[in-house]
Amino acid sequence: MKKVYGSAADALDGVLFDGMLIAAGGFGLCGIPELLIDGIVASGVKDLTVASNNAGVDDFGLGKLLATRQIRKMMSSYVGENAEFMRQYLSGELELEFNPQGTLAERMRAGGAGIPGFYTKTGVGTVIAEGKEVKTFDGQDYILERGIFADLSIVKAWKADETGNAVFRKTARNFNPPAAMCGKICIMEVEEIVPTGSLDPDTIHLPGIYVYRLIQGEHEKRIEQRTVRPRAA
Amino acid sequence: MWDRNQMAARAAKELRDGMYVNLGIGIPTLVSNYIPDGMSVTLQSENGMLGMGPFPYEGEEDADLINAGKQTITELPHTAYFDSATSFGMIRGGKIAMAILGAMEVSEKGDLANWMIPGKLVKGMGGAMDLVAGVGRVVVVMDHANKHGESKVLKNCTLPLTGTGVVDLIITNMGVLEVVEGGLKLLELADGVTEADLRAATEATLV
């Protein structure tokens, strides 16, 4: 079965529907599936729930889907970089479910591994624990968190072979593997599709079993906080 | 009183050779400038990296290499990268020996509030709740009072909590306090600060 598609629009054809749950990889603007986000903007699909650590910035990443009002709800750990997000949230147009960052990552990993719930000590005694089952193990309290089972995962890797075996680069890996795992369907975009057999099987970060469709394209890879040090004189 | 750099230098004295440590944003980031020569400390960045290096030289920034504050950084010879679930697995699993974090309020029971002020813009907790719940030791570095002059070292936190009973050591511009049974124990006073000064500026019970 062929996994390689020619464009984001081709790869997204037939998998989008209003009200769906999408898990997206990326941390800040690092390692985000920018081509697929553009494709979803163009599709016009709406009432989306998006599980993603952050919500992009106003004119890049998931911020584009907020600008077009295609997102109804975000599941995130930190959303401080996006003014339009804040405007929609404070006016009640956008629903927001805060998740501690590690809980969000584990909810994705668990969903992808067929685990519907798990107990964690993260958030015990805080607002995050409200309404959640508390269970004591060996004298310590833990709260029940649910696995995320997304309708669609959109992720970005550095390279993949034609079967979807993927390699990430530096900290652009972040949420991409757990996000990829938790979708019924996962579409991956990469900077380069390489011939099958050219990647060392021992260095694959995400095996192609998780990848249903694959596209290649040019990435802007915008830097959010460019920080440098002076060269020694 | 200590300034930001003196507080960071004092926090660095908590480091031990071979430690894996997570530094928060703000004053905690400065702690990396005071790691003693010859001591090997590995810094974790919770977005998926162990062995965080300094900021890059201009022109050498890499969009694929950032820290948890989204700043461009560099790698070191012993750097390793991993995904976010693995990163928080090592945090929640207690493999990170220590986190040094900023705070809005700390209580005498070691409760910590550092993510949300009701009525103000809420940006989210990021990885703070996972860190304080999971790491071996939590060291807070902050000013002793807020900008209105009110103590941030309290009997009970008033702001929404990041974690309960999680703080081990508090380093402020006035001194160093350890969370012990029944309250806080004064370990050290900053330059020019008397015990009476610190007691007057502290709402929490000192034992």
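Where in chain B does B:Lys70 lie? Before I answer, let me say that this is a predicted model, and that everything I describe this morning should be heard with that in mind. B:Lys70 lies in the loop between β3, residues 49-52, and β4, residues 75-81, of chain B. Its phi is near 70°, which is a positive value in a residue other than glycine. As general background, most residues other than glycine have a negative phi. At 5% relative accessibility B:Lys70 counts as buried, because the limit for that class is under 20%. B:Lys70 also reaches a residue of chain A, since it lies over the face of A:Phe27, at 5.0 Å from the ring centre.

Chain A has a residue that can be described in a similar way. A:Asp47 is not a glycine, and yet it has a positive phi of about 55°. You will find A:Asp47 in the loop between α2, residues 34-43, and β2, residues 48-51, of chain A. With a relative accessibility of 37%, A:Asp47 counts as partly exposed.

Let me turn to the aromatic rings. A search of the whole structure, over all chains, finds four aromatic pairs. One of them is formed by A:Phe85 and A:Tyr89, whose ring centres are 6.5 Å apart with 35° between the planes, and this pair is classed as tilted. Why are these two residues separated by about one helical turn? Because they are four residues apart in helix α4 of chain A, which covers residues 83-90. As for accessibility, A:Phe85 is at 0% and counts as buried, whereas A:Tyr89 is at 29% and counts as partly exposed. The rings of A:Phe137 and A:Tyr142 have their planes at 80° and their centres 5.5 Å apart, so that pair is edge-to-face. A:Phe137 is partly exposed, with a relative accessible area of 33%, and together with A:Tyr119 and A:Tyr142 it forms one aromatic cluster. There is also a lysine over a ring within chain A, where A:Lys159 lies over the face of A:Trp158, at 4.5 Å from the ring centre.

Now to the strands of chain B, beginning with β10, β11 and β12. Strand β10, residues 169-171, runs antiparallel to β11 and is joined to it by three bridges, and these two strands form a hairpin with three residues between them. Within that pairing, the bridge partner of B:Leu169 is B:Glu178 in β11. Strand β11, residues 175-180, also pairs in the antiparallel sense with β12, residues 183-189, this time over six bridges. Here B:Leu177 stands opposite B:Leu186 in β12, and B:Val180 has B:Gly183 as its bridge partner. The hairpin of β11 and β12 has two residues between the strands, and in it B:Gly182 takes a positive phi near 90°.

Elsewhere in chain B, three strands form an open sheet in the order β7-β6-β9, with mixed pairing. Which strands stand at the edges? They are β7, residues 112-113, and β9, residues 153-154, and each has a single partner strand, so one side of each is left without a neighbour in the sheet. Strand β6, residues 105-107, runs parallel to β9, and two bridges join them. In this part of the sheet, B:Ser107 stands opposite B:Leu154 in β9.

I will finish with the enclosed space. How many cavities of 30 Å³ or more does the structure hold? The structure holds three of them, and about 70 Å³ of space lies in the largest. That largest cavity is lined by 13 residues, and the closest to its centre are A:Gly28, A:Ile32, A:Ser52, A:Asn54 and A:Leu62. Taken by class, the lining of the largest cavity has seven nonpolar and six polar residues, and no charged residues.

Technical notes:
Residues are numbered from 1 along each chain as its sequence is written. Chains are lettered from A and ligands numbered from 1 in the order in which they are written. This is a predicted model: local features need pLDDT of at least 70, side-chain atom pairs count only at pLDDT 80 or more; totals for chains, interfaces and linings use all residues. Side-chain values use heavy atoms; hydrogens and water are left out. Rings of Phe, Tyr and Trp (its six-membered ring) pair if their centres lie within 6.5 Å; planes under 30 degrees apart count as stacked, over 60 as edge-to-face and the rest as tilted. Buried means under 20% relative accessible area, exposed over 50%, partly exposed in between (1.4 Å probe, protein chains only). A charge sits over a ring if NZ of Lys or CZ of Arg is within 6 Å of the ring centre and within 35 degrees of the ring normal. Two strands pair if DSSP finds at least two bridges between them. On a 1 Å grid over the protein atoms alone, a cavity is a set of points where a 1.4 Å probe fits but cannot get out, and a pocket is an open set with protein on both sides within 12 Å along at least five of seven lines; lining residues have an atom within 4 Å of a point. Grid points are joined across faces, edges and corners, and a volume is the space filled by probe spheres set on the points. Ala, Val, Leu, Ile, Met, Phe, Trp, Tyr, Cys and Pro count as nonpolar, Asp, Glu, Lys and Arg as charged, and the others, Gly among them, as polar.
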